[in-house]
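Reader: I'd like a close look at one part of this model, with enough of the surroundings to see how that part sits in the fold. Could you walk me through one helix and what lies around it?

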Amino acid sequence: SHLEALATETAVEHVTPAHLEKLDRCIAALQSALEEGDGITFGELNKRFHQMIYGVCPYRRLEGLINGLWDGQTKFQTVFTINPARMPESQAEHRAIVERIRARDKEGAARLMLEHKLRAGETLIRALKDYGKERVA
């Protein structure tokens, strides 16, 4: 969470109008997946959205660390199938992050990214705990 917040903060000043257009297209695709209730596609697009932001970060090692964590934590993408209610929340958070990036507010974008990542983690932990209780019962 903190690494992505740092990458977001450092990426803001490197984002171009063309890059913002790509983020907007990704947001639109995420919206379509949300409206279709497609948690799998939403999860895949969610990962792409995040990669598009921290991929602009000038620090390749930081990007590599984040990619390694994403690759090692594949369960994070299942949060949208385990708890579909997370999709609209996540989408609203994505929109807010992009607006802060568009405004060149690197601290605001970083703060929103950190909150977004922490909420996703908390949601997944709760969902997995609930799933475990159901299996025991």
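Author: Sure. This is a predicted model, and before we get to the helix I'd like to pick up a residue elsewhere. I40 is found in helix α3. With a relative accessibility of 56%, I40 counts as exposed, because the cut-off for that is over 50%. Its C-alpha lies 6.5 Å from the C-alpha of T81, although I40 and T81 are 41 residues apart in sequence.

That kind of pairing leads to the chain as a whole. Among contacts between residues at least 6 apart in sequence, 76% join residues at least 24 apart. The chain has seven helices and zero strands, so to speak a plain run of α-α-α-α-α-α-α from the N terminus on. Of its 137 residues, 42% count as buried. The chain exposes about 7600 Å², and carbon and sulfur atoms supply 55% of that area.

Now for the helix I'd zoom in on: α6. Its 17 residues should span 24 Å at 1.5 Å a residue, and the end C-alpha atoms are 24 Å apart, so the two values agree. Which residues of α6 are buried? They are R86, M87, S90, Q91, E93, H94, I97, V98 and I101. These buried residues cover an arc of only 165 degrees around the axis, which means that they sit on the same side of α6. As background, an α-helix has 3.6 residues a turn, so residues three or four places apart point the same way.

Take S90, which has its place in α6. S90 counts as buried because its relative accessibility is 1%, and the cut-off is under 20%. Leaving aside neighbours within four places in sequence, S90 is in contact with F42, N46, F80 and H116.

Two other buried residues of α6, H94 and V98, turn up in the surroundings of F49. Not counting residues up to four places away in sequence, F49 touches L23, C26, I27, L30, H94 and V98.

F49 also brings us to the nonpolar core. The largest one has 31 residues, and L23, F42, F49, I53 and I101 touch the most other members. The elements that give two or more residues to this core are α1 (2–11), α2 (17–36), α3 (39–54), α4 (60–72), α5 (79–82), α6 (86–102) and α7 (106–136). The most comes from α2, with seven residues. In soluble globular proteins, nonpolar side chains tend to be buried together.

C26, one of the residues that F49 touches, counts as buried because its relative accessibility is 4%. C57 is buried too, at 0%. As for sulfur pairs, the structure holds zero disulfides.

Last, the way out of α6. The helix is followed by R104, whose phi is positive. R104 lies in the loop between α6 and α7. Its phi is near 60 degrees, a positive value in a residue other than glycine. For background, most residues other than glycine have a negative phi. Is R104 buried, exposed or partly exposed? R104 is partly exposed, because its relative accessible area is 42%, in between the cut-offs of 20% and 50%.

Definitions and conventions. Residues are numbered from 1 along each chain as its sequence is written. This is a predicted model: local features need pLDDT of at least 70, side-chain atom pairs count only at pLDDT 80 or more; totals for chains, interfaces and linings use all residues. Side-chain values use heavy atoms; hydrogens and water are left out. A disulfide is a pair of cysteine sulfur atoms within 2.5 Å. Buried means under 20% relative accessible area, exposed over 50%, partly exposed in between (1.4 Å probe, protein chains only). A nonpolar core is a set of buried Ala, Val, Leu, Ile, Met, Phe, Trp, Tyr and Cys residues joined through side-chain atoms within 4.5 Å. Helices (H or I, at least four residues) and strands (E, at least two) are DSSP runs, numbered from the N terminus. Contact means heavy atoms within 4.5 Å. Accessible areas come from the Shrake-Rupley method with a 1.4 Å probe; for residues, only the protein chains shown count as cover. The expected span of a helix is 1.5 Å times one less than its number of residues. The arc is that of the directions from the helix axis to the C-beta atoms.
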